[in-house]
Amino acid sequence: MTKDEFKIALKELEIELTEEQLELLNQFYHLLINWNEKINLTRITEEKDVYLKHFYDSLTIVKVVDLNKKETLCDVGTGAGFPGIVLKIAFPHLKITLLDSLNKRVIYLNEIIKELNLKNIKAIHTRGEDYKETFDVVTARAVANIEKLVTYTMHLVKKEGIFVAMKGNVEEELTNNIQKKIEKKYKIKNIEKFLLPKESSMRSLVVIERRK
């Protein structure tokens, strides 16, 4: 996905980034590649692939939640900063907390935050199950299977908030039995399935909320 294709694809998501925001993504890409030579962050390094499989993919969360109407977001197991850093650039009003269990990744994340001069975003060295704050939106992308994710994340979700699991093809892990098990305690509000542009790989956004 070229940068021009990226901008066109974002319009379909009803996202229009300023030149400043696009430049921040460009800087983020180069910082990611430089840091990737020091620590293992991603196997995806070609610019066109990062724009599709990391940047665009991170922003597809807007298919299931209007982030313009949310204030706080937690990205559990953020890794290289996806989707958290990308969401901060695209939605600068959000107060974002990035959680990761590997300290060297947290050092990298805090350096990215500093280099890009991002405000109201912090990276913390901890696991989701050990953190105690609550958020409007909690998300996790490519972290663990859906059953485990629920145990790691739902205590972080505010009473009226949501958890969005960003998955590939979720059908194999979200069997009827697992779905029933999750829904004993929580409500699976929505499962949005779509194909990633250009390569047509399956993506799933699983939206889970507390029972009222």
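**A friendly note on the sheet, a helix and some salt bridges**

1. Let us start with one residue: D100 is buried, at 2% relative accessibility. Buried here means under 20% relative accessible area, so a value of 2% puts D100 in that class. Please keep in mind as you look around that this is a predicted model.

2. What does D100 meet? Its side chain forms a salt bridge with that of R105, at 2.8 Å from N to O. R105 is partly exposed, with a relative accessible area of 22%. In general, side chains of opposite charge can pair when their charged atoms come close.

3. Elsewhere, D57, R141 and R203 are joined into one network by salt bridges that share partners. The count of salt bridges comes to 16.

4. Another one to find is the salt bridge between the side chains of K3 and E47, at 3.8 Å from N to O. This pair links distant parts of the chain, with K3 in helix α1 (residues 3–12) and E47 in helix α3 (residues 47–59), 44 residues apart. K3 is partly exposed at 35% relative accessible area, and E47 is partly exposed at 29%.

5. K48 forms a salt bridge with D49, and their closest N and O atoms are 3.6 Å apart. K48 is partly exposed, at 47% relative accessibility; D49 is partly exposed too, with a relative accessible area of 21%.

6. Now for the sheet. Its 7 strands form an open sheet with mixed pairing, in the order β3-β2-β1-β4-β5-β7-β6. Which strands stand at the edges? They are β3 (121–125) and β6 (186–195); each has a single partner strand, so one side of each is left without a neighbour in the sheet. From one strand to the next, the twist averages 20°.

7. At one of these edges, β6 pairs with β7 (residues 202–210) in the antiparallel sense, over 9 bridges. You can look for N190, which stands opposite V207 in β7. Helix α5 (residues 103–115) packs on the sheet and touches β2 (95–100) and β3, its direction making about 165° with that of β3.

8. Helix α6 (residues 146–153) is a nice one to study. α6 lies across β1 (72–76), β4 (135–141), β5 (157–167), β6 and β7, and runs at about 150° to β5. Its buried residues are I146, L149, V150 and T153. Seen down the axis of α6, they fall within an arc of 105°, so they line one face of the helix. These buried residues pack against β1, β4, β5, α7 (176–183), β6 and β7.

9. Finally, N145 caps the N-terminal end of α6, with a side-chain oxygen 3.1 Å from the backbone nitrogen of E147.

Methods: Residues are numbered from 1 along each chain as its sequence is written. This is a predicted model: local features need pLDDT of at least 70, side-chain atom pairs count only at pLDDT 80 or more; totals for chains, interfaces and linings use all residues. Side-chain values use heavy atoms; hydrogens and water are left out. Two strands pair if DSSP finds at least two bridges between them. Helices (H or I, at least four residues) and strands (E, at least two) are DSSP runs, numbered from the N terminus. Axes are lines fitted to C-alpha atoms, for helices over the stretch in contact, and angles run from 0 to 180 degrees between N-to-C directions. Contact means heavy atoms within 4.5 Å. Buried means under 20% relative accessible area, exposed over 50%, partly exposed in between (1.4 Å probe, protein chains only). The arc is that of the directions from the helix axis to the C-beta atoms. A polar contact is a pair of N or O atoms within 3.5 Å; within protein, one must be able to donate a hydrogen and the other to accept it, and residues adjacent in sequence count only if both atoms are side-chain atoms. A salt bridge is a side-chain nitrogen of Lys or Arg within 4 Å of a carboxyl oxygen of Asp or Glu.
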